[in-house]
Amino acid sequence: MIEPGQFTYRRIHRASRELLFDCMTQPERLAHFWGPAGTTTPVGGITVDLRPGGAFEMVMVNDTDGSQHTMRAVYVEVRRPERLVWTEPGVEGGMITTLTFTDLGDGRTEVVTHQTNVPAMFADPRAREGFETSLSRFDEYVAALTELTAN
């Protein structure tokens with residue numbers, strides 16, 4: 001049996017914790033970046049019941065063939081704007097994702113994404129690359145948002 005993995009990603013954004021937290025919890029914002037490159041997540045396919053025990057679900061659509069993949073999670077902890085935790089009970093091992101938003105005191109916020117109980121299929125290098133493209137899409141979306149508010 002392969003032991004589940006752990007992964008940590010750190011990104012720094014020139015944005016407030018509140019804005020970044022809202023981007024990760026509001027369907028109309030999530031639709032702009034959720035999912036790896038080559039997928040679209042329509043706002044109508046996003047469920048956010050923002051409370052411990054509440055549903056967090058996404059239907060991602062492959063841009064090439066229209067196939068769909070649904071991510072089903074349950075919120076474990078919701079502490080705006082510091083921390084957001086969800087578990088994916090249907091994923092082998094019950095993968096847990098924790099987002100921590102840290103104010104760096106200079107108009108920037110560090111977002112740490114920590115995943116535990118990551119099954120081997122999600123730990124595969126190609127799967128990790130796909131996840132990182134989703135983080136890059138988030139970076140681009142936040143940069144565009146903050147540029148709009150700066151002008």
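A salt bridge here is a side-chain nitrogen of Lys or Arg within 4 Å of a carboxyl oxygen of Asp or Glu. By that yardstick R79 and E77 make one, with their side chains meeting at 3.3 Å, N to O. Keep in mind that this is a predicted model. Besides its 9 salt bridges, the structure has a pocket of about 880 Å³ and a cavity of about 30 Å³. Here's a quick tour, starting with the charged side chains.

**Salt bridges around E77 and R79**

- E77 has two partners worth knowing: R79, at 3.3 Å from N to O, and R83, where the N to O distance is 2.9 Å.
- R79 also pairs up with E82, and there the closest N and O atoms sit 4.0 Å apart.
- Put together with R17, these residues form a network: R17, E77, R79, E82 and R83 are linked by salt bridges.
- How exposed is R79? With a relative accessible area of 42%, R79 is partly exposed, because that class runs between 20% and 50%.
- E77 comes in at 21% relative accessibility, so it counts as partly exposed, given that buried means under 20%.
- R83 is partly exposed too, at 26% relative accessibility, and E82 gets the same label with a relative accessible area of 29%.

**D103 and what it touches**

- D103 is part of strand β7, which covers residues 95-103.
- D103 is partly exposed, with 49% relative accessibility.
- Which residues does D103 touch, leaving aside those up to four places away in sequence? They are R17, R108 and T109.
- R17 turns up here as a contact of D103, and R17 also belongs to the salt-bridge network with E77, R79, E82 and R83.
- A polar atom of the D103 side chain lies 2.7 Å from the backbone nitrogen of G105.
- For a sense of distance, D103 and T25 are 78 residues apart along the chain, and their C-alpha atoms are separated by 18 Å.

**The largest pocket**

- The largest pocket has a volume of about 880 Å³ and is lined by 36 residues.
- Which lining residues lie nearest the centre of the pocket? Those are W34, P36, M60, H69 and F131.
- Several elements each bring at least two residues to this lining: strands β4 (55-62), β5 (68-79), β6 (83-88), β7 and β8, plus helices α3 (120-123) and α4.
- The biggest contributor to the pocket lining is α4, with 7 residues.
- By residue type, the pocket lining divides into 19 nonpolar, 14 polar and 3 charged.

**The cavity**

- The count comes to 1 cavity of 30 Å³ or more, and the largest cavity has a volume of about 30 Å³.
- Y9, R11, V111, T113, L135 and F138 line the largest cavity.
- Where does that lining come from? β1 (5-13), β8 (109-118) and α4 (125-150) each give at least two residues to it.
- The cavity lining divides into 4 nonpolar residues, 1 polar and 1 charged.
- Both β8 and α4 show up twice in this briefing: each supplies at least two residues to the cavity lining, and each supplies at least two to the lining of the largest pocket.

Terms used. Residues are numbered from 1 along each chain as its sequence is written. This is a predicted model: local features need pLDDT of at least 70, side-chain atom pairs count only at pLDDT 80 or more; totals for chains, interfaces and linings use all residues. Side-chain values use heavy atoms; hydrogens and water are left out. On a 1 Å grid over the protein atoms alone, a cavity is a set of points where a 1.4 Å probe fits but cannot get out, and a pocket is an open set with protein on both sides within 12 Å along at least five of seven lines; lining residues have an atom within 4 Å of a point. Grid points are joined across faces, edges and corners, and a volume is the space filled by probe spheres set on the points. Helices (H or I, at least four residues) and strands (E, at least two) are DSSP runs, numbered from the N terminus. Ala, Val, Leu, Ile, Met, Phe, Trp, Tyr, Cys and Pro count as nonpolar, Asp, Glu, Lys and Arg as charged, and the others, Gly among them, as polar. Buried means under 20% relative accessible area, exposed over 50%, partly exposed in between (1.4 Å probe, protein chains only). Contact means heavy atoms within 4.5 Å. A polar contact is a pair of N or O atoms within 3.5 Å; within protein, one must be able to donate a hydrogen and the other to accept it, and residues adjacent in sequence count only if both atoms are side-chain atoms.
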